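Work through the exercises below with the sequence and coordinates open. Each task is followed by a solution in steps.

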Amino acid sequence: QIHRRLAEELQKEVKKIERQEAETQERATSFEAQVQGLREVLAGVRQVLASRETDLADMAVKMAANKNLAGQFDDMAEELQGAIASLEKDVADTRAHASDVEAQ
């Protein structure tokens, strides 16, 4: 009878340990699924970041081109201002000459 009680107690302990092992396995499986889900999210984030990095590089190229164009427009504006000043001087000289001719 003692052997039977010991066997029953051992059987209960074995079942308890098996139940704990099954619960642990379920938690491990759940954790692995969560980790896999996080890996997928991280992969998605990495793709988005790579795309944004490409977009920023494209914007930098466009900004550099725009800055270059702005510099060219500034140079052209200076040339036009010089040409206008020269024309204004020519007009003033012509008027002065015309005034001299009229005076004579």
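The exercises go from the overall form of the chain to its charges, salt bridges, patches and distances. The model is a predicted one.

**Exercise 1. Overall form**

Task: Determine how many helices and strands the chain has, and compare its radius of gyration with that of a compact globule of 104 residues.

Solution:
- Step 1. The secondary structure amounts to 1 helix and 0 strands.
- Step 2. For a compact globule of 104 residues, a radius of gyration near 13 Å would be expected, whereas the chain has 44 Å.
- Step 3. The principal axes of the C-alpha trace give spans of about 150 × 15 × 10 Å.

**Exercise 2. Burial and surface**

Task: State what percentage of the residues count as buried, and find what share of the exposed area carbon and sulfur atoms supply.

Solution:
- Step 1. A residue must fall under 20% relative accessible area to be called buried.
- Step 2. By that cut-off, 0% of the 104 residues are buried.
- Step 3. The chain exposes about 9,900 Å², and 58% of this comes from carbon and sulfur atoms.

**Exercise 3. Charges and salt bridges**

Task: Count the positive and negative side chains, then locate the salt bridges of the structure.

Solution:
- Step 1. There are 14 positive and 21 negative side chains, with the centres of the two sets 23 Å apart.
- Step 2. Side chains of opposite charge can pair when their charged atoms come close.
- Step 3. The cut-off is a nitrogen of Lys or Arg within 4 Å of a carboxyl oxygen of Asp or Glu, and searching the whole structure gives 2 salt bridges.
- Step 4. One pairs Arg 52 with Asp 55, whose closest N and O atoms are 3.9 Å apart. Both residues belong to helix 1 (residues 2–103) and are 3 residues apart, about one turn of the helix.
- Step 5. Arg 52 is partly exposed at 48% relative accessible area, and Asp 55 is partly exposed at 34%.
- Step 6. Asp 93 and Lys 89 form a salt bridge with an N to O distance of 3.0 Å. These two are 4 residues apart in helix 1, so about one helical turn separates them. Asp 93 is partly exposed, with 41% relative accessibility.

**Exercise 4. Surface patches**

Task: Identify which residues form the nonpolar patch and which form a negative surface patch.

Solution:
- Step 1. A patch residue needs over 30% relative accessible area and no salt bridge.
- Step 2. The nonpolar patch consists of Val 41, Leu 42, Val 45 and Leu 49, which together have about 350 Å² of accessible area.
- Step 3. Leu 42 sits in helix 1 and, at 40% relative accessibility, is partly exposed.
- Step 4. Asp 74, Asp 75, Glu 78 and Glu 79 make up a negative surface patch.
- Step 5. Glu 79 is also located in helix 1; its relative accessible area of 59% makes it exposed.

**Exercise 5. Separation along the helix**

Task: Give the C-alpha separation of Ser 86 and Ala 43, and that of Lys 62 and Asp 93.

Solution:
- Step 1. Ser 86 lies in helix 1 and is partly exposed, at 37% relative accessibility.
- Step 2. Ser 86 and Ala 43 are 43 residues apart along the chain, and their C-alpha atoms are 64 Å apart.
- Step 3. Lys 62 is in helix 1 and is exposed, with 56% relative accessible area.
- Step 4. From Lys 62 to Asp 93 the sequence separation is 31 residues, and the C-alpha to C-alpha distance is 46 Å.

Methods. Residues are numbered from 1 along each chain as its sequence is written. This is a predicted model: local features need pLDDT of at least 70, side-chain atom pairs count only at pLDDT 80 or more; totals for chains, interfaces and linings use all residues. Side-chain values use heavy atoms; hydrogens and water are left out. The radius of gyration is taken over C-alpha atoms; the globule rule is 2.2 Å times the number of residues to the power 0.38. Buried means under 20% relative accessible area, exposed over 50%, partly exposed in between (1.4 Å probe, protein chains only). Accessible areas come from the Shrake-Rupley method with a 1.4 Å probe; for residues, only the protein chains shown count as cover. Lys and Arg count as positive and Asp and Glu as negative; His and the chain ends are not counted. The place of a charge is taken as NZ of Lys, CZ of Arg, CG of Asp or CD of Glu. A salt bridge is a side-chain nitrogen of Lys or Arg within 4 Å of a carboxyl oxygen of Asp or Glu. Patches are made of residues with over 30% relative accessible area and no salt bridge: like charges are joined within 9 Å, nonpolar side chains (Val, Leu, Ile, Met, Phe, Trp, Tyr) within 5 Å.
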